[in-house]
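Student: Could you take me through one part of this protein up close? I'd like to hear about the place where the two domains meet, and what sits around it.

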Amino acid sequence: AIYLDYAASTPFDRDILSAVFESTDTYGNPSSTHKLGKEAKSMLETNRAKIAKYINASPQEIIITSGATEANNLAIKGIVNQHDRPHVITTNVEHSSVKSTYELLESQCDVTYLQVKENGRIDIEDLKHALREDTVLVSIILINNETGVIQPVYEIAEVLKDRDTLLHLDAVQSFGHVDVDVEALGADLLSLSAHKIYGPKGVGILYCKKNTKLNSLITGGLHEAGRRAGTENNMWTGAMALAMEKVVENKTERNIKEMQLKELFLNELQVNAIPFDVNGDVNHASPHILNVYFPWVDVQVLLTALDLRDVYISGGSACNSGSVKPSHVITAMYDDARASHSVRFSFSYLNTEEEIKETVKVLKSIYESLKATA
Ligand code: PMP
């Protein structure tokens, strides 16, 4: 089988799993006051400090969550709920965890959805025009999970620099691919997920800049400084810290490898004369994601044909795969028709050149057989 769906999820690194297995002896509740509890608390805080270091934050700014969906919910609702009908800004290409949250909040706040251009990026002038006196929050996806397109985040931060408006970045696809330094990015809130970086599913973080008031969504004990109740997931926090450490250590070589694989893939499509076009700005894109428009095939037909040949890709976001509607991201950039003929390939340093060539061979055979029956 060939797996080209790393943006949906990565395999859990076995070495990380083995390492966290060692920590099962530290099973105390980090809130317990006895020695085993203190040991667990110390382990938790060591890992929190590590996570903080990798994004240039301080440990108190890290809230451990069940993943990025929760982190995005907490960032948005935790701010919006403090205000009476505030104004908020986001884009029309967000991940469903941001998109649905804002759609739900439309009865409680005024939401401006910035419309991306055909290249998938927002126009910074649109942001300037959208800002109001009462704008409390701007949510932007840093690297788009469907297209890999990188938003002009430094320009966005510059626009917001001297305002009270908070900047929330969904950086789930970004860690390891671009610098995720919360200071440099000007982020007030930033979400990450472990399972996109070879860690386990079900753990993530929300970075919340110090002195930023955040309403908790889950009530209970005073865990995470009152911002997220519930006994901390100590082992998985350790796994996330290790996953981040490994990503940082290998960042350059992994990105080079992914870039080469992407280029090889595009080159092979050309050499094999398979009609295609790339969706989004190739000059501002992450090496690990490529969204391709194949005018000759419908998304579902292609996904099924590839699946039957054990090539695993996705039509867009895995979180939307239950939906029969074409991707809202590709529709936002082009139109419904193009979206229903576009698929996402996402690469990893674990992929080989042979896998890329084999995938294109399979695509070619699907193309030829569809052409023959057309
Ligand atoms: N945001 C983006 C950009 C994502 O790609 C994902 C994962 N598909 C999420 C948020 C949600 O993360 P999680 O799976 O940890 O809930």
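Tutor: Sure, let's start at the contact itself: 27 residues of domain 1 are in contact with 22 residues of domain 2, where contact means that the C-beta atoms of two residues, placed from the backbone, lie within 7 Å. On the domain 1 side of this contact, the elements giving two or more residues are α9 (234-271), β10 (289-293) and α11 (328-333). Helices (H or I, at least four residues) and strands (E, at least two) are DSSP runs, numbered from the N terminus. That side of domain 1 divides into 11 nonpolar, 12 polar and 4 charged residues; here Ala, Val, Leu, Ile, Met, Phe, Trp, Tyr, Cys and Pro count as nonpolar, Asp, Glu, Lys and Arg as charged, and the others, Gly among them, as polar.

Before going on, a word on the model. It is a predicted one, so local features need pLDDT of at least 70 and side-chain atom pairs count only at pLDDT 80 or more, while totals for chains, interfaces and linings use all residues. Residues are numbered from 1 along each chain as its sequence is written.

As for the domains, the assignment gives domain 1 (2-7 + 250-373) and domain 2 (14-246), with bounds that come from an automatic or database domain assignment. Their C-alpha centres lie 28 Å apart.

Now the ligand. Both domain 1 and domain 2 give residues to the shell around the ligand, so it lies between them. The ligand is surrounded by 16 residues, the closest being Gly67, Ala68, Thr69, Asn145 and Ser193; a residue counts as near if its C-beta atom, placed from the backbone, lies within 6 Å. Helix α3 (residues 68-80) gives the most to this shell, with 3 residues. By class, the shell has 5 nonpolar, 10 polar and 1 charged residues.

Back to α9, which turns up in the core too. The largest nonpolar core has 95 residues, and Leu169, Ala239 and Met240 are among those with the most contacts inside it. Such a core is a set of buried Ala, Val, Leu, Ile, Met, Phe, Trp, Tyr and Cys residues joined through C-beta atoms within 7 Å, buried meaning 20 or more other C-beta atoms within 10 Å of a residue's own. Its largest share, 12 residues, comes from α9, and the core draws at least three residues from each domain. Leaving aside neighbours within four places in sequence, Ala239 is in contact with Ile16, Val20, Ala194, Gly199 and Pro200.

Methods:
Buried ≥ 20, exposed ≤ 12 C-beta atoms within 10 Å, placed from the backbone.
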